[in-house]
Structures are given as structure tokens and as C-alpha cells.
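Good morning, and thank you for coming. I should like to take you through one structure, beginning with a helix pair and moving on to the sheets and the cores.

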Amino acid sequence: MHTDTERCVRAVQSKDARFDGWFFTAVVTTRIYCRPSCPAVPPKVENMTFHPSAAACQQAGFRACKRCRPDTSPGSPEWNARADAVARAMRLIRDGVVDREGVPGLAARLGYSTRQIERQLLAELGAGPLALARAQRAQTARLLIETTGLPMADVAFAAGFSSIRTFNDTVREVFALAPSELRTRAARSRTTRSRTTRGSTASPQTPGVIALRLPYRAPLNPSNLFGHLAATGVPGVEEWRDGAYRRTLSLPYGHGIVALTPQPDHIACRLSLTDPRDLTIAISRCRWMLDLDADPEAVDDQLRTDPLLAPLVDKAPGRRVPRTVDAAEFAVRAVLGQQVSTAAARTHAGRLVTAHGTPVGDPEGGLTHLFPSSEALAALDPEALALPRSRRTTLTTLVGSLADGSLRLDPGSDWDRARAQLTALPGFGPWTVEVIAMRALGDPDVFLPGDLGVRRAAAELGLPSTPAALTASAAAWRPWRAYAVQYLWATDDHAINHLPV
């Protein structure tokens with residue numbers, strides 16, 4: 001979009017927040033870059049240039065605006081809607097792969113050479129994988145500086161920097177402030193807010209807790225999003241407590257607990273991590289789970305073109321696809337949920353967690369375990385599973401493939417290849433494969449014509465009832481059929497469609 005100058009100028013002059021994250025505006029006279037909705041007076045048209053990413057702005061020598069903080073914009077929805085190499089690379093970079101495995105590790109996961117990946121990213125985003133990862137590290141550093149009391153040396157290494165000098169230079173270059181000045185500025189801002197607000201929630205400075213806001217593009221309907229996560233939550237791993245969805249997180253350097261509370265203009269996020277190096281990936285996985293980088297205006301406008309679906313969209317716009325923080329975990333849970341009720345699926349998963357999950361402490365709630373890893377499940381005795389024999393075979397084959405690496409389910413997975421691999425496993429029918437593709441891999445165009453809830457809703461709306469005819473009718477909803485499924489499911493009075501009380 002950044003190449004369409006006229007459209008970008010209109011978005012900036014109207015301060016249209018829908019385009020935040022789609023592109024960034026760099027001002028050549030001040031050497032500052034902003035988000036389209038920046039509250040400052042828009043610059044003259046001849047002084048604007050447009051870039052596809054914050055990393056491209058930083059690489060071109062621009063620093064982040066202190067008013068609109070463009071580095072905190074929602075991510076571009078393009079990277080979640082596409083299945084090509086660039087989109088897969090962006091999802092993996094966001095998941096911290098470059099910081100952990102380097103550019104060669106990123107290229108190996110994608111099946112390309114490092115030169116090919118660098119060339120493709122540079123052509124489309126104006127920055128290579130190292131620059132994109134550097135921009136993400138800078139944002140993580142800012143969060144740690146402003147929301148924790150960690151010593152600056154600890155912040156530097158937790159954010160992924162290799163040296164304190166690189167950390168200091170990057171922060172100064174990107175934000176035009178030294179790290180200590182950023183912390184002082186944030187403290188002053190908190191003091192000012194505390195004097196002007198009443199009845200605030202627990203302080204973000206609670207020891208060991210990082211509190212932050214997760215932005216999203218409005219509208220966002222929290223009912224089916226949080227309702228689904230809460231209603232299907234695994235005991236000990238997930239819970240709904242005091243208006244927040246809480247769960248444990250298995251992370252590369254340790255583990256954590258997150259509490260996510262829907263607010264009118266953001267998602268309040270409270271993270272407790274055993275290792276602050278996991279902050280970036282924890283935030284990324286929470287945003288992914290809640291589908292916060294989606295563009296609801298584009299989705300809903302497409303679905304409204306069908307006069308039968310339009311009333312559902314108009315009644316409750318902004319529905320998101322509830323995803324997961326761990327694709328492998330979801331695949332296991334999808335198998336446990338085959339042909340049983342939601343309550344039975346939770347019971348099966350809860351038993352698995354109690355027997356094979358890693359115990360954790362939770363002083364603020366009732367969470368007790370991490371969901372067991374594929375390696376731990378691959379070692380279990382199939383006879384100990386209270387499941388039909390065919391389901392045991394399905395589960396043990398799945399976890400064996402995940403544990404030995406022959407099946408990889410993560411944000412960078414090739415959707416078609418993952419589907420083919422899952423279909424080849426015993427006990428995996430179209431519904432299980434497509435649910436995993438929708439909620440674990442993030443394909444926005446998944447459709448479930450054989451799902452009972454979808455067929456029931458279709459019949460009530462006057463849509464075809466047979467899977468083949470319904471699939472043909474749903475072609476008009478592409479490429480957002482997974483969102484259409486959410487609207488169809490919402491016609492049923494099931495617990496997944498309502499916020500818990």
C-alpha cells in the first residue's frame with residue numbers, strides 16, 4: 001500500500017487509524033516517522049515519504065515520533081492473511097526465530113537460501129531480516145525500560161541485544177532518547193496519570209509483572225473470542241478469573257503466565273515471566289491467539305456483500321478467529337475433542353495435563369501446569385489413555401511426528417504442506433485438519449462445510465445445507481471464510497459465544 005501515494009496522503013490527512021501498521025509516514029524535514037493516525041498536525045505533502053515497515057523507516061535514518069509511538073502500531077494484517085514466503089518469514093521473525101536461530105535458521109525453516117529471503121524481504125518491506133528483528137528488539141527494549149525496574153544491562157540482553165553498547169546506540173537512534181531518559185519520561189507520565197485518574201487497577205509496577213496494552217484495529221467483538229477460549233479452557237492451564245482470560249505459557253527460555261482483559265480500545269495484558277528474554281515472543285503469541293492484527297473493516301465489508309450474512313455482521317461486527325499460543329498443543333487438543341462434547345474434551349485434556357504437564361506456581365490464581373510438550377507425550381504409555389483405541393493411535397502418531405520433527409506446526413508453516421501431512425496421519429479427517437489450519441496455523445480462508453454448527457446456521461439463514469452446495473455458496477466470502485464461520489457459529493446459544501460472567 002505504501003506505493004499508493006495518493007491513498008496514503010488521504011489516510012494521513014484524515015488521521016485514519018484503520019491504516020496504522022499498513023504503512024508508516026516519514027517526514028523528511030524533521031527525520032521523524034509516524035503512524036497514519038498521529039495526532040500531530042499533518043506535514044506538507046511534499047515532505048512525506050511512505051514506508052512499508054518501521055524497520056524500513058529506521059534503516060532510512062528516521063526516528064520514532066514521541067507522540068504517536070508508531071513502533072507500537074498493530075502489525076500489518078497482510079502477514080497473517082498470506083501464505084507466501086515473505087508472509088511466513090514475517091510471522092517467524094515476529095516469533096523470535098531470527099534472534100534465536102539467526103538468518104540461516106529462518107531461511108532453513110522456509111526452505112530458501114539466506115540470499116533469497118533477504119532479497120524478497122528487502123523488495124517488499126524495504127528492510128532485511130536483521131533490520132526487521134532489530135526493530136522488534138528496540139520495541140521490546142522500550143517495553144522493558146518503561147514497564148519494569150530491571151537494570152539496563154539486563155534489559156539489553158533480555159531484549160536480544162548482543163552488547164550494552166549496541167543496545168544504547170539502537171535506543172538512541174530509534175527513539176532519540178537515552179534508555180535512562182525513556183525510563184524517566186515513562187515514570188513522569190505514570191505519575192501524571194495517577195493524579196488525574198481514580199479507581200485504577202493494580203499498578204503495572206507490581207514486582208515480577210509486566211503490564212502493557214495490546215492495540216488492535218476497531219471494531220473488536222470480545223464475546224466469541226474470549227468466550228471460546230474460556231469455554232474450551234483446559235483445567236490447570238487456562239481459566240477465566242476476575243474478567244480476564246488467564247493461561248500458562250511454554251516459552252523458549254522459560255515459562256510464564258498471562259492475563260488478558262478486554263477493554264474498549266485495547267487488550268490489557270499482564271505477563272509474569274521466569275525469563276524476560278521471552279517478552280517479545282510472549283506478546284507475539286498473545287496477539288496471534290487473539291487475532292489482534294486483523295483488519296476487521298476489510299473482513300466485514302467483504303462478508304456484507306452476501307445479503308444473507310450481512311445481518312449477522314451488522315449485529316456484532318469485528319469478530320475475530322480465536323487461535324492458540326501453541327500450534328502443537330492445539331493439534332493435540334483437536335484430537336482429544338474428536339466426536340465428543342466440549343466438556344468431555346476439557347476432561348480428557350485436563351487428565352493429560354495432570355499426568356504429564358510441568359507443574360508451575362500461580363500466586364494470583366488457580367493455574368497449576370504447563371501443557372505437556374510433544375516430547376513428553378511421545379513417551380507416554382498409550383494404554384494409560386482413557387480413549388478409544390483408534391483415538392489413541394491418532395494421538396500417539398501425531399505426537400510422535402511432532403516430537404521427531406517430521407511434522408512442524410508453527411507460524412511459519414506452509415499451510416498446504418501441513419494439511420497434506422496431517423491428512424496422511426491416521427484418524428485425521430477434513431474437519432480436524434481444517435480446524436487446525438484455522439486456529440493453529442492461522443489460515444483466514446478455512447471453511448468447515450461439514451461442521452454441525454455451520455450447517456445448522458446455514459439452514460436458518462436460507463443457505464444451502466449440503467456441504468458441496470454450501471462450499472460453492474461460500475466462495476463469495478473468500479478470502480475470509482474463517483471469519484464467516486465465526487459469524488455462523490455465533491447464531492447458536494453456546495457458551496463459546498458469550499463472555500463468562
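At what angle do helix H7 and helix H9 pack, and how many Å apart are their axes? Please keep in mind as we proceed that this is a predicted model. Helix H7, residues 129-147, packs against helix H9, residues 164-175, at an angle of about 95°, and the axes are 10 Å apart. H7 is therefore roughly perpendicular to H9. On the H7 side, the contact is made by Arg-134, Ala-138, Ala-141, Arg-142 and Ile-145. H9 contributes Phe-167, Thr-170, Val-171, Glu-173, Val-174 and Phe-175.

Let me turn to the sheets. One is an open sheet of five strands with antiparallel pairing, in the order E5-E9-E8-E7-E6. Strand E5 (209-214) and strand E6 (238-241) are at its edges; each has a single partner strand, so one side of each has no neighbour in the sheet. From one strand to the next, the twist averages 20°.

Within this sheet, two hairpins deserve attention. E7 and E8 form a hairpin with four residues between them, and their antiparallel pairing extends over six bridges. Here Ser-250 stands opposite His-255 in E8. E8 and E9 likewise form a hairpin, with four residues between them. Strand E8, residues 255-262, pairs with strand E9, residues 267-273, in the antiparallel sense over seven bridges. In that pairing Ile-257 stands opposite Ser-272, and Val-258 stands opposite Leu-271.

Which helix lies across E5, E7, E8 and E9? It is helix H12, residues 279-290, running at about 140° to E9. H12 is mostly covered, with twelve of its twelve residues buried. The buried residues include Arg-285 and Arg-287 as well as Ile-283, Trp-288 and Met-289. Its length can be checked: at 1.5 Å a residue, the twelve residues of H12 should span 16 Å, and the end C-alpha atoms are 17 Å apart, which agrees. After H12 comes Asp-291, whose phi is positive, near 55°.

There is also an open sheet of four strands, in the order E3-E1-E2-E4, and its pairing is mixed. Its edge strands are E3 (48-51) and E4 (63-64), each of which pairs on one side only. Strand E2, residues 32-34, runs parallel to E4, and two bridges join them. Tyr-33 has Ala-64 in E4 as its bridge partner. Helix H1, residues 5-13, lies across strand E1 (24-27) and E3, at about 105° to E3.

Finally, the nonpolar cores. In soluble globular proteins, nonpolar side chains tend to be buried together. Here the largest nonpolar core has 61 residues, and those with the most contacts inside it are Leu-303, Val-332, Leu-398, Leu-409, Ile-436 and Trp-477. Which helix gives the most to this core? That is helix H15, residues 327-336, with eight residues.

Ile-436 serves as an example. Leaving aside neighbours within four places in sequence, Ile-436 is in contact with Phe-330, Ala-331, Ala-334, Leu-409, Leu-422, Phe-428 and Leu-441. Apart from this core lies another, of 49 residues, among them Cys-57, Phe-226, Ile-283 and Val-325. Ile-283 brings us back to H12, where that residue is buried.

Thank you for your attention.

Definitions and conventions:
Residues numbered from 1 in each chain as written. Predicted model: local features only at pLDDT ≥ 70, side-chain atom pairs only at ≥ 80, totals over all residues. Heavy atoms only, no water. Pairing = 2+ DSSP bridges. Axes fitted to C-alpha atoms, helices over the stretch in contact; angles between N-to-C directions. Contact = heavy atoms within 4.5 Å. Core = buried A, V, L, I, M, F, W, Y, C linked by side-chain atoms within 4.5 Å. Buried < 20%, exposed > 50% of the residue type's maximum accessible area, 1.4 Å probe, protein only. Expected span 1.5 Å × (residues − 1). Parallel < 35°, antiparallel > 145°, perpendicular 65-115°, else oblique.
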